[in-house]
Amino acid sequence: MSAFTPNEMMTIAASRALKNDDVCFVGIGAPSAACNVARLTHAPDITLIYESGTIGTAPDVLPLSIGDGELCETATTTVSVPEMFRYWLQGGRISIGFLGAAQIDKFGNINTTVIGDYHHPKTRLPGGGGAPEIATSSQQVYITMAQSRRGMVETIDFYTSFGHGEGGDHRQRLGIDTQGPTLLITDLAIWKPDPVTKEFTVVSLHPGVTREQVQDTCGWPVKFADEVAVTPPPTELELRTLRDLKARTDAAHKGQATTA
């Protein structure tokens, strides 16, 4: 088995969660990498949808943004953004919304808007885009992010995308009938929400990772499942697929930079 990085383990573990018949609303960055590794390995018939309206896209390289021409060129079809949101997303046709996060709390609420006070922020982030709608209208939400105390916090600075709110049945009390965040994949572990409290709980540690490492990089007291598994390491096929995808992406983007 080849050596692998924590980020590669995170991406591959996330890709494994996707099924061949999923209809997945894909976020840019780590979610896009995970979804396309799934498409190129065990889930060739997965339907990948990007916010710009591309349906059934099969990019050869990872897009720089939702407006990347690679998405439209390789899509089965492209629809308008209003149709994408009203018919596909709000119509309940998306099985998985795959999101990243700058900040997240233990109930899967996401901040991608500001760090610090909204009116006088320390850092202004890219914002929500379509993520708030994805978080409430997708049947389930998967989240990927690298662990850090700065990113995994007790209280997020701004609610961009609603997870489980205050926990428990908060989503249902607000009239949101989708499941919300059901999986959090980090570079150290796999987390799932407690069935009752909805607090994210560690169910699997990646190879070589300790409980202490998970706690040291998390801003709230971590809960662990009664039986914590070890995430299977990447296979040669998974690693080669991910690395080839990133190599093609790097080469394509460098080419764009050279000719720009």
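**View 1. K198 sits in the loop between β12 (189-193) and β13 (200-205).** Welcome to a predicted model, in which local features need pLDDT of at least 70 and side-chain atom pairs count only at pLDDT 80 or more, while totals for chains, interfaces and linings use all residues. Residues are numbered from 1 along each chain as its sequence is written, and side-chain values use heavy atoms, with hydrogens and water left out. Strands here are DSSP runs of E with at least two residues, helices are runs of H or I with at least four, and both are numbered from the N terminus. The phi of K198 is near 70 degrees, a positive value in a residue other than glycine. For background, most residues other than glycine have a negative phi. K198 has a relative accessible area of 22%, which makes this lysine partly exposed; buried means under 20%, exposed over 50%, and partly exposed in between, using a 1.4 Å probe and protein chains only.

**View 2. Helices α1 (residues 6-16) and α2 pack against each other with their axes 8 Å apart.** Two packed helices are described by the angle between their axes and the distance between the axes. For α1 and α2 the angle is about 55 degrees, where axes are lines fitted to C-alpha atoms, for helices over the stretch in contact, and angles run from 0 to 180 degrees between N-to-C directions. The pair is therefore oblique; under 35 degrees would count as roughly parallel, over 145 as roughly antiparallel and 65 to 115 as roughly perpendicular, with the rest called oblique. Which residues of α1 meet α2? They are M10, T11, A14 and S15, and their partners in α2 are A30, A33, A34, V37 and A38, with contact meaning heavy atoms within 4.5 Å. Sorted by class, this contact has seven nonpolar, two polar and no charged residues. Ala, Val, Leu, Ile, Met, Phe, Trp, Tyr, Cys and Pro count as nonpolar, Asp, Glu, Lys and Arg as charged, and the others, Gly among them, as polar.

**View 3. The surroundings of α1 and α2 leave both helices mostly buried.** Eight of the 11 residues of α1 are buried, so this helix is largely enclosed by the rest of the structure. Those residues are E8, M9, M10, T11, I12, A13, A14 and S15. Helix α2 (residues 30-40) is mostly covered too, with nine of its 11 residues buried. Among them are P31, C35, N36 and R39.

**View 4. Cysteines appear here without a disulfide, as the structure holds zero of them.** A disulfide is a pair of cysteine sulfur atoms within 2.5 Å. What is the nearest cysteine sulfur to that of C24? It belongs to C35 and is 3.6 Å away, and C24 is in no disulfide. C24 is buried, with a relative accessible area of 0%. For C72, the closest cysteine sulfur is also in C35, but at 19 Å it is too far for a bond. C72 counts as partly exposed at 46% relative accessibility.

**View 5. Two exposed loop residues, D21 and R150, each come with a C-alpha distance to a residue elsewhere in the chain.** D21 lies in the loop between α1 and β1 (23-26) and is exposed at 61% relative accessibility. D21 and A43 are 22 residues apart in sequence and 7.7 Å apart in space, C-alpha to C-alpha. R150 belongs to the loop between β10 (140-145) and α6 (170-173), and its relative accessible area of 75% makes R150 exposed. Its C-alpha atom is separated by 7.3 Å from that of Q103, 47 residues apart along the chain.

**View 6. A3 is found in the segment before α1.** With a relative accessible area of 66%, A3 is exposed. Leaving aside neighbours within four places in sequence, A3 is in contact with E8, L239 and R243. The C-alpha atoms of A3 and G127 are separated by 35 Å, with their positions 124 residues apart along the chain.

**View 7. R86 lies in helix α4 (residues 81-89).** R86 counts as exposed at 66% relative accessibility. From C-alpha to C-alpha, R86 and V228 are 40 Å apart in space, and they are 142 residues apart in sequence.
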